[in-house]
Amino acid sequence: MTAAAANCYCGAVRASLDLSEAGALHCHCSQCRHLSGAAFSTWLNLPKAGFRIDAGVDDLTVFTVSENTARHFCRHCGAHVYSTDIREPDIVGLPLGIVTGDALPQPDTHYYFDSGVTWCDVALSANKAGGATGQESLD
Ligand SMILES: [Zn+2]
Ligand SMILES: [Zn+2]
């Protein structure tokens, strides 16, 4: 088991993660950009069985993003803690920036890269993907 932890900004919500089957990616879709305010969101995806909320279950509230997806965030500090998608009920996604650990997965792909902003000047070395699904190779 590769352990990691996650917490919201104020610390009310804390979670433990098992990263054995986790992966990471960057997403440049307009939903990620508008919900984060950033050029792209970096996600950690893992099986729900590897995600445990240790504190603050009652401090979480939910925003229904679409008919499929929901964002769970801290009602005190507003930090996004995790997201769920009914199309992938056994997976949770966490913004990688709230996760700490010694062996975090390296994001390997930029999804929806062709939907991204033009002003991002960060060096982007991972694979690029786009098209209708956001996952078709652009490299
Ligand atoms: Zn908080
Ligand atoms: Zn996205």
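The largest nonpolar core of this predicted model has 28 residues. Leu17, Cys27, Leu44, Val81, Leu94 and Val99 are the residues with the most contacts inside this core. Two or more residues each come from β1, β2, β3 (23–27), β4 (41–47), β7 (69–74), β8 (80–85) and β9 (91–95). In soluble globular proteins, nonpolar side chains tend to be buried together.

**Core contacts**

- Val99 touches Ala4, Ala6, Leu17, Leu44, Leu94 and Leu104, leaving aside residues up to four places away in sequence.
- Among these partners of Val99, Leu17, Leu44 and Leu94 are also listed with the most contacts inside the core.
- Ala6 in β1 stands opposite Val99 in β10.
- Leu17 in β2 has Ala4 opposite it on one strand and Phe51 in β5 opposite it on another.

**Overall fold and dimensions**

- The protein chain contains 1 helix and 13 strands.
- Along the sequence the elements follow the pattern β-β-β-α-β-β-β-β-β-β-β-β-β-β.
- A compact globule of 139 residues would have a radius of gyration near 14 Å, and the protein chain, with 15 Å, therefore agrees with that expectation.
- Taken along the principal axes, the C-alpha atoms fill a box of roughly 40 × 30 × 30 Å.
- Of the 139 residues, 27% count as buried.
- Among contacts with a separation of 6 or more, 52% are between residues 24 or more positions apart.

**The four-stranded sheet**

- An open sheet is formed by 4 strands in the order β5-β2-β1-β10, with antiparallel pairing.
- The edges are β5 (51–55) and β10 (99–100); each has a single partner strand, so one side of each is left without a neighbour in the sheet.
- Strands of a sheet pair through backbone hydrogen bonds, either parallel or antiparallel.
- Strand β1 (residues 3–7) and strand β2 (residues 14–18) run antiparallel and are joined by 5 bridges.
- Across this pair, Ala3 stands opposite Asp18, Ala4 opposite Leu17 and Ala5 opposite Ser16.
- The hairpin of β1 and β2 has 6 residues between the strands, and within this hairpin Gly11 takes a positive phi near 90 degrees.
- On the other side of β2, 4 bridges join it to β5, again antiparallel.
- Strand β1 is joined to β10 by 2 bridges, and these strands also run antiparallel.

**Faces of β1 and β2**

- In a regular strand the side chains alternate between the two faces of the sheet.
- In β1, Ala4 and Ala6 point to one face and are buried.
- Ala3, Ala5 and Asn7 point to the other face of β1 and are not buried.
- The covered face of β2 carries Ala15 and Leu17.
- Arg14, Ser16 and Asp18 make up the uncovered face of β2.
- The opposed residues fit this division: Ala4, buried in β1, stands opposite Leu17, which is on the covered face of β2.
- Likewise, Ala5 is not buried and stands opposite Ser16, a residue of the uncovered face.
- Ala3 is not buried either, and Asp18 opposite it belongs to the uncovered face of β2.

**His110 and Tyr112**

- His110 lies in strand β11 (residues 109–111).
- His110 counts as buried because 24 C-beta neighbours lie inside 10 Å, where the cut-off is 20 or more.
- Not counting residues up to four places away in sequence, His110 touches His26, His28, Leu124, Ala126, Asn127, Lys128 and Ala129.
- One of these contacts, Asn127, is 17 residues from His110 in sequence, with a C-alpha to C-alpha distance of 6.0 Å.
- Tyr112 is located in the loop between β11 and β12 (127–130).
- Tyr112 also counts as buried, because it has 23 C-beta neighbours inside 10 Å.
- Although Tyr112 is not a glycine, its phi is positive, at about 50 degrees.

How values were computed: Residues numbered from 1 in each chain as written. Chains lettered and ligands numbered in written order. Predicted model: local features only at pLDDT ≥ 70, side-chain atom pairs only at ≥ 80, totals over all residues. Pairing = 2+ DSSP bridges. Rg over C-alpha atoms; globule rule 2.2 N^0.38 Å. Buried ≥ 20, exposed ≤ 12 C-beta atoms within 10 Å, placed from the backbone. Contact = placed C-beta atoms within 7 Å. Core = buried A, V, L, I, M, F, W, Y, C linked by C-beta atoms within 7 Å.
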